[in-house]
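Trainee: I've got a model open and I'd like to walk through it with you. Can we put it on the screen and go piece by piece?

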Amino acid sequence: MAKSMGFRNTAGPDKHQAVAVRVSGDKAVFLNCRFEGFQDTLYAHTHRQFYRSCVVTGTIDFIFGDAAAVFQNCLIYVRQPNPNQKNIITAQGRKDKYETTGFVLQNCKILPEAPFKPVANQFKSYLGRPWKLYSTTIIMESLIEGFIDPAGWLEWQGDFALNTLFYGEFNNTGPGARTDRRVKWAGRRDINREEAMRYTVETFLDGAWVKETGANVRMGLGS
């Protein structure tokens with residue numbers, strides 16, 4: 001567990017991949033922590049992970065890996081990339097359809113960082129792209145600001161993984177949460193409440209262990 005700690009990579013956007021922290025331990029908990037970087041800030045590498053009231057900043061694929069990770073009540077700040085670059089928040093790396101991994105952003109706020117806000121419309125920003133064949137990401141009960149491209153999601157290369165990934169959206173708010181202009185891939189869809197329940201802490205992380213740490217955690221969905 002980490003509480004009220006900061007993890008920063010100062011390489012900047014010119015140095016490309018520059019991880020601030022790699023998390024590989026099972027039942028990892030981060031409370032009120034801050035992860036700062038540009039490309040590949042937070043490597044949620046493997047096993048079960050829970051993040052609550054954290055701040056994550058970055059540009060390209062800045063939350064990536066193959067963990068089963070829930071980000072709850074977190075601030076996700078997109079920063080200004082280099083010219084001709086796109087911003088992509090998540091790049092989940094599930095390789096096998098029988099894995100139980102994926103990223104869940106629940107009750108988060110997806111925002112442009114203050115210095116980026118005046119020029120955000122000059123860059124394309126996306127919720128995620130498929131790093132591996134069965135990439136899985138759920139965004140639910142979250143605020144999505146309008147700088148996110150209406151398509152929502154970006155291809156990795158050609159049609160790679162577009163028929164095998166799973167990107168679900170549920171009960172999000174904000175101007176970037178509209179889904180009528182989202183990509184039309186087979187694996188991208190709006191999910192219902194019953195489906196969203198599968199991605200709560202209680203179900204997705206088998207999350208009694210999170211509560212045992214004393215963390216302020218929402219086990220299910222909001223009202």
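Mentor: Sure, and one term before we start: two strands pair if DSSP finds at least two bridges between them. Keep in mind that this is a predicted model.

Trainee: Okay, then which residue in strand 17 does Ile110 stand opposite?

Mentor: Start with the strands: strand 14 covers residues 109-112, and 2 bridges join it to strand 17. Two bridges are enough for pairing, and these two strands run parallel. Across from Ile110, in strand 17, you'll find Ile144.

Trainee: What is the strand order in the open sheet of 6 strands?

Mentor: The pairing in that sheet is parallel. Strand 2 (6-8) and strand 17 stand at the edges; each has a single partner strand, so one side of each is left without a neighbour in the sheet. Reading across, the order is 2-5-8-11-14-17.

Trainee: And which strands stand at the edges of the sheet with the order 1-4-7-10-13-16-18-19?

Mentor: That open sheet is made of 8 strands, again with parallel pairing. An edge strand here has a single partner strand, so one of its sides lacks a neighbour in the sheet. The two at the edges are strand 1 (2-3) and strand 19.

Trainee: Which residue is the bridge partner of Val29 in strand 7?

Mentor: Strand 4 (residues 28-31) and strand 7 (residues 48-52) run parallel, and 4 bridges join them. Val29 has its bridge partner in strand 7, and that partner is Phe50.

Trainee: Now for the annotation: is Asp61 buried or exposed?

Mentor: Asp61 is covered by the UniProt annotation "active site", from an unreviewed entry, and it lies in strand 9 (residues 60-65). Leaving aside neighbours within four places in sequence, its contacts include Asp40, Arg129 and Trp156. Its relative accessible area is 5%, and the cut-off for buried is under 20%. So Asp61 is buried.

Trainee: How many disulfides does a search of the whole structure find?

Mentor: A disulfide needs two cysteine sulfur atoms within 2.5 Å. For Cys33, the nearest cysteine sulfur is that of Cys54, at 4.9 Å; for Cys108, it is that of Cys74, at 4.7 Å. Neither Cys33 nor Cys108 is in a disulfide, and the search of the whole structure gives 0.

Trainee: What is the relative accessible area of Cys108?

Mentor: Cys33 is buried, with a value of 2%. Cys108 is buried too, and its relative accessible area is 2%.

Trainee: What is the phi of Ala161, roughly?

Mentor: Most residues other than glycine have a negative phi. Ala161 is in the loop between strand 17 (143-144) and strand 18 (166-170), and it counts as buried at 5% relative accessibility. Although Ala161 is not a glycine, its phi is positive, at about 70°.

Trainee: Where is Asn171 found?

Mentor: Asn171 also has a positive phi, near 55°, in a residue other than glycine. Its place is the loop between strand 18 and strand 19 (188-190).

Trainee: Last one: which backbone nitrogen does the side chain of Asp149 reach?

Mentor: Asp149 is in the loop between strand 17 and strand 18, and it is buried, with a relative accessible area of 13%. Not counting residues up to four places away in sequence, it touches Lys124, Ser125, Tyr126 and Arg182. Its side chain reaches, at 2.9 Å, the backbone nitrogen of Ala151.

Note on methods:
Residues numbered from 1 in each chain as written. Predicted model: local features only at pLDDT ≥ 70, side-chain atom pairs only at ≥ 80, totals over all residues. Heavy atoms only, no water. UniProt positions renumbered as here; feature names shortened; annotations may be inferred. Buried < 20%, exposed > 50% of the residue type's maximum accessible area, 1.4 Å probe, protein only. Contact = heavy atoms within 4.5 Å. Polar contact = N/O pair within 3.5 Å; in protein donor to acceptor, adjacent residues only side chain to side chain.
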